[in-house]
Amino acid sequence: MKVVVIRTNLRDGLNAIEAAAGENQALPILRNALIEASEGKLKLATTNLEIGASYTVAGKVLEDGRATAPIATLLGIMNNIQSDRLNLESKGASVEITSDNYHATLQGMPAEDFPLIPKVKNQTEYVSVKSEILKESLAQVVLATQTSDLRPELNSVLFDFSIDTLRFAATDSFRLAEKVLAVTEIESTCEEGFRVLVPLKTVHEILRVLRGDELVKVFRDENQVLFKTNQFELISRLLEGNFPDYGAIVPKKFGAEILVERQEFVNALKLASVFGNKSNEVKILVPPGKKALQVSSADQAVGENSYLLPAKVEGKLGETVFNWRYLLDALKAVKTGEVFFGVNDEGQPALLRGAKEGSYFYILKPILKA
Amino acid sequence: MDLDQLWKLTLGEIEIQLSRANFATWLKSSRLVDRKDGGTFVVSLPNNFAREWVENKYQKNILGIIRNFDGSARKIEFVVTGNFQAEAPAAKKISAPDLSKFDRIELEFKVDPETNLNPRYSMKSFVVGPSNELAYAGATAIVNEIGLKYNPFFIYGGVGLGKTHLIQAVGNEIRSRYQNKVRPRYVSSEKFISDVVWGIRNKRMEDTKKKYRDVDVLIIDDIQFIGGKEKTEEEFFHTFNSLYEANKQIIISSDRPPQSIPTLEERLRSRFEGGLIVDIGYPEYEMRVAIIRGRLQEASRQLSDEVVDLIARRVKKNIRELEGVLNKILFYQEKKQADITGKVAEEIIDKSIQNAARRITDTQVLKAVAEFFNISLGDLVSHNRRKEVVEPRQIAMYLLRDMLEMSYPGVGEKMGRDHTTAIHSYEKINQEINRNSALSQKIMLIRETIYKS
């Protein structure tokens, strides 16, 4: 193998696939990246046997071939070297990197030993979304999760595709967020709908790597999912198990429907957090006869405070207690200026969404009181 | 040859051909799962990576080896194991809403920080029977007339009989009935002690005092633990007095009556005795059945009458244990999706309670007594009448009778004595125990070592 490549291209490629490399005592080659030169392209790949990532880098291929080298060392070189043009050449199991004033030999391992990254069987059916839209949508639902060993099926994001909509949902059983992408935002060649659970780790990788407005195609078969852009590919297993059928717990009616400025609400919660006690409790109340929302918190050791923020209120709301972190998470996801906050008494879930938005909602349960 | 055996042989041969790392990574959790018509063998592998690798690299080898053992082999297919397991649950109820989980996890958040009360305990869910109706009546009277009728209200009874339930329920009831006009506060004596220690250490005793004197109903659980901690006792004494004089209600629970808490100071003891002292006894059979039925209804689950009867008959002395057994049975029912028969229930009960009661033997009792008084086993059963062995001997006989329910002649035989001696010893200690607190404490300690051994 012999290639000439621009340093920044190689660096970006390695950065994108770095996290998919594995640490495995039995199989040390997982610490390496596979470098594959063929058909005028340079392809980099890593895997930890749960997910596999690959990235195609532009470069000039002088001689086809394959090699592997430790990705940490490769990245170390890319981050510090000054030269722009690099020559990569494999000699036996080792890889040599040369520029006009630099030379390195990396101890590699035979490329034949590198795991084969599986392929998705169904290569024709996919759903495609713009990177930034996919990224934003996933970010909005992922903040309702929390890794848990108790219910592994919740360490995932639900991708629910049905002909004209793609729905994302995630929950940690205290709160749940759902985002729907409408038909205008997606393109699909799928003949039928699907409902799959993508592991959280995979989603975090997607969030980390994707950027720009290029199209991401999502392929899947019975136990794998593949995210593919022009340069980048990420394949992952799917989680087994059933995502809770949450339709029934999404509240339809509210005791109080509140419209409030998002930024003010955020400020109020941050103020409340100053007095937040261990369980992160914040009390929310609509004082009778006032057009305002009272946000208060207290701690026996610190003291107490309360904050009145102007709000449009329909209905009544007695004191209801929430976890302010959960509320703040919701406000991070709701990006509009005005926020709709529907609350019910008696421990029924509350719902947050943008005032004029229907594509996203976040529900959370109040903390029950005696 | 069955599939497992065939696969074992095959793996044995492949293992020699591969490096240990490769074998461990790719083939360790593989299985031969099916032999289809036409000589197709199906191998399951743990993940897609393994399938990709084995399919591409070892397929021929594996086929060759299998063919050596089974001439009909023509082809090998690989599947990922996950699929096999997924098929069953995936087909099942996708639509069942998972609301219960939503509720369940949140229970931990529910303790009210202001009153420290856990709303799970309510008067309604307290099952009343002859053994605790006096305590219950006292509790209801208190809710109606806070601080006036029975003050202090002292409840005692054994472990797991509902003391904490009842006193917390009083707090919850008061809170819901008088809204925020009456402030109850529940505290375990351990928390009280640590607050006093905190106050002393940080020189902020005033804060601690205020925290406890600023309530309308003070509920203290397991008061026996403050015995012997002088400063805490003193602080409690003053708190007690200041609340008492202001006609605030005080509710106390303990595992034994005030006169049997040996390290408790006299002035505290007499204060406790000034109010109403009630005990909670062991629940009767009917009550145990009622408790089980109540819990089942709460969890909206069902068990056959036979099983309910069985649990109620077998678990007698501790309601917490009763609920523990019930939970285990319900868990089993949920897990296996199977009906619980009397036999299954019996097994579960056996497993859960044998540790507590069954293992105590007479030798264990004698050993514990001998060890406690630092005398030899021989001394204990000898005819020596020195003072330092006479008392231990009588205690040993008392415990044999009391804990193991041995007959008097049995006790006598064990100790090399006449049954009349056994009767005398038992009765003597039995009387003494109520008068002599040092003795009752000794016996309690011995009991503990026996249970622990």
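Strand S20 (residues 281-285) of chain A runs antiparallel to strand S21 (residues 292-299) of chain A, and three bridges join the two. In this predicted model, local features need pLDDT of at least 70 and side-chain atom pairs count only at pLDDT 80 or more, while totals for chains, interfaces and linings use all residues. Residues are numbered from 1 along each chain as its sequence is written, and chains are lettered from A and ligands numbered from 1 in the order in which they are written. Helices (H or I, at least four residues) and strands (E, at least two) are DSSP runs, numbered from the N terminus; two strands pair if DSSP finds at least two bridges between them.

Within the pair just described, A:Leu285 stands opposite A:Gln294 in S21(A). Both strands belong to an open sheet of 12 strands in chain A, with antiparallel pairing and the order S15-S11-S12-S13-S26-S25-S24-S19-S22-S21-S20-S23. At its edges stand strand S15 (194-199) and strand S23 (320-323) of chain A; each has a single partner strand, so one side of each is left without a neighbour in the sheet. From one strand to the next the twist averages 25 degrees. Axes here are lines fitted to C-alpha atoms, for helices over the stretch in contact, and angles run from 0 to 180 degrees between N-to-C directions.

Helices accompany this sheet. Helix H3 (residues 131-142) of chain A packs on the sheet and touches strand S11 (156-162), strand S12 (165-171), strand S13 (175-181) and strand S26 (360-364) of chain A, its direction making about 160 degrees with that of S13(A). Contact requires that the C-beta atoms of two residues, placed from the backbone, lie within 7 Å. Helix H6 (residues 324-333) of chain A runs at about 70 degrees to S23(A) and lies across several strands, including S13, S20 and S23 of chain A.

Chain A also holds an open sheet of five strands, in the order S5-S1-S7-S8-S9 with antiparallel pairing. Its edge strands are strand S5 (60-63) and strand S9 (102-106) of chain A, each pairing on one side only. Inside the sheet, five bridges join strand S7 (residues 85-91) of chain A to strand S8 (residues 94-99) of chain A, and these run antiparallel. There, A:Ser90 has A:Val95 as its bridge partner in S8(A).

Chain B has 22 helices and eight strands. Of its 453 residues, 30% are buried, a term that applies if 20 or more other C-beta atoms, placed from the backbone, lie within 10 Å of a residue's own. Strand S7 (residues 249-254) of chain B has six of its six residues buried, so it is largely enclosed by the rest of the structure. B:Gln249, B:Ile251 and B:Ser253 point one way from this strand, and B:Ile250, B:Ile252 and B:Ser254 the other way.

S7(B) pairs in the parallel sense with strand S4 (residues 153-157) of chain B over four bridges, and B:Phe153 has B:Ile251 as its bridge partner. Four bridges also join strand S6 (residues 217-221) of chain B to S7(B), again running parallel; here B:Leu218 is partnered by B:Ile250.

Helix H9 (residues 189-201) of chain B packs against helix H11 (residues 230-245) of chain B at an angle of about 100 degrees, with axes 10 Å apart. H9(B) and H11(B) are therefore roughly perpendicular to each other, a description covering angles of 65 to 115 degrees. B:Phe192, B:Ile193, B:Val196 and B:Ile200 in H9(B) meet B:Lys231, B:Thr232, B:Glu235 and B:Phe236 in H11(B).

Note on methods: Angles under 35 degrees count as roughly parallel, over 145 as roughly antiparallel, 65 to 115 as roughly perpendicular and the rest as oblique. A residue is buried if 20 or more other C-beta atoms lie within 10 Å of its own, exposed if 12 or fewer, and partly exposed in between; C-beta atoms are placed from the backbone.
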